[in-house]
Amino acid sequence: MNKKSQELLEESRKRRTYRQFLPDSLDMDVIKNCVLTAGTAPNGADKQPWHFTIVTDPDVKQRIREEAEKVEKNFYEKQITDEWQADLNKLAVTWEKPFLTEAPCLIVIFKEYYRMLEDGTKDKNYYVNESIGISIGFLINAIRNAGLASLTYTPAPPTFLRDLLGRPEGETPVMILVVGKPDPDYELPTLRKKSFEEIADII
């Protein structure tokens, strides 16, 4: 057990967030397996309150990028605080999001608060935020395990995604997980993960 836990820790430490991807197409069976792995996550009352829209169509990716850059430009120019911008400086991010069209695959993740039944009643879900968070963690690790790289991207706000992708009113977009083979020319920022003592204690 100790060996297996150490092996997973070492593998997980290799996971890095990339913002540049190779244009190589991906095996859709691999992506499907990763999404199905996300679907095994524990969740409130086993209602499985999530939906994953996999986008590979270049035209749809272009529309997502255009809408994302509109809201991001407004956010960076009018809404972001100086403190927030200072924290982002080490990552060298701006309102421009070329990875949305460069990467071969976008997985747009929705949390489902309720679904409308045929009789017009709402079938409500529970612990939606907790459930979707766990599921996304499973998905990110599954993608890493498959040898691919990912980027968690949250437009501010992401609400345009529901209409653009034709999702029902009971769903709310959470993020876009950008997926692909990492570009070896991308210069990863130097980051330090907190130690055990910084993130946990034993009582």
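Start with the sheet: select β1, β2, β6 and β5, four strands that form an open sheet in that order with antiparallel pairing. Strands here are DSSP runs of E with at least two residues, helices are runs of H or I with at least four, and both are numbered from the N terminus; two strands pair if DSSP finds at least two bridges between them. Look at the edges, where β1 (50-55) and β5 each have a single partner strand, so one side of each is left without a neighbour in the sheet. On average, neighbouring strands are turned by 25° against each other, direction ignored.

Before going on, a note on the model: it is predicted, with local features needing pLDDT of at least 70 and side-chain atom pairs counting only at pLDDT 80 or more, while totals for chains, interfaces and linings use all residues. Residues are numbered from 1 along each chain as its sequence is written, and side-chain values use heavy atoms, leaving out hydrogens and water.

Now zoom in on β1 and β2, antiparallel strands joined by six bridges. Pick Phe 52 and you will find its bridge partner in β2, Ile 109. Then add helix α6 (residues 128-145), which packs on the sheet and touches β1, β2, β5 and β6. The direction of α6 makes about 160° with that of β2; axes are lines fitted to C-alpha atoms, for helices over the stretch in contact, and angles run from 0 to 180 degrees between N-to-C directions.

Stay in β2 and select Glu 112. Is this residue buried or exposed? Glu 112 counts as buried, because its relative accessibility is 5% (buried is under 20%, exposed over 50%, partly exposed in between, with a 1.4 Å probe and protein chains only). Its side chain makes a polar contact of 3.3 Å with that of Arg 115 (N or O atoms within 3.5 Å, one able to donate a hydrogen and the other to accept it; residues adjacent in sequence count only if both atoms are side-chain atoms). Beyond four places in sequence, Glu 112 touches residues including Trp 50, Asn 125 and Glu 171 (heavy atoms within 4.5 Å).

Next, show Ile 64, Leu 100, Ile 176 and Val 178, which touch the most other members of the 22-residue largest nonpolar core (buried Ala, Val, Leu, Ile, Met, Phe, Trp, Tyr and Cys joined through side-chain atoms within 4.5 Å). Another core, of 21 residues, lies apart from it, with Trp 50 and Val 179 among them.

Finish at Lys 14, in the loop between α1 (2-13) and α2 (28-38). Lys 14 counts as exposed, at 57% relative accessibility, and its side chain joins that of Glu 11 in a polar contact of 2.9 Å.
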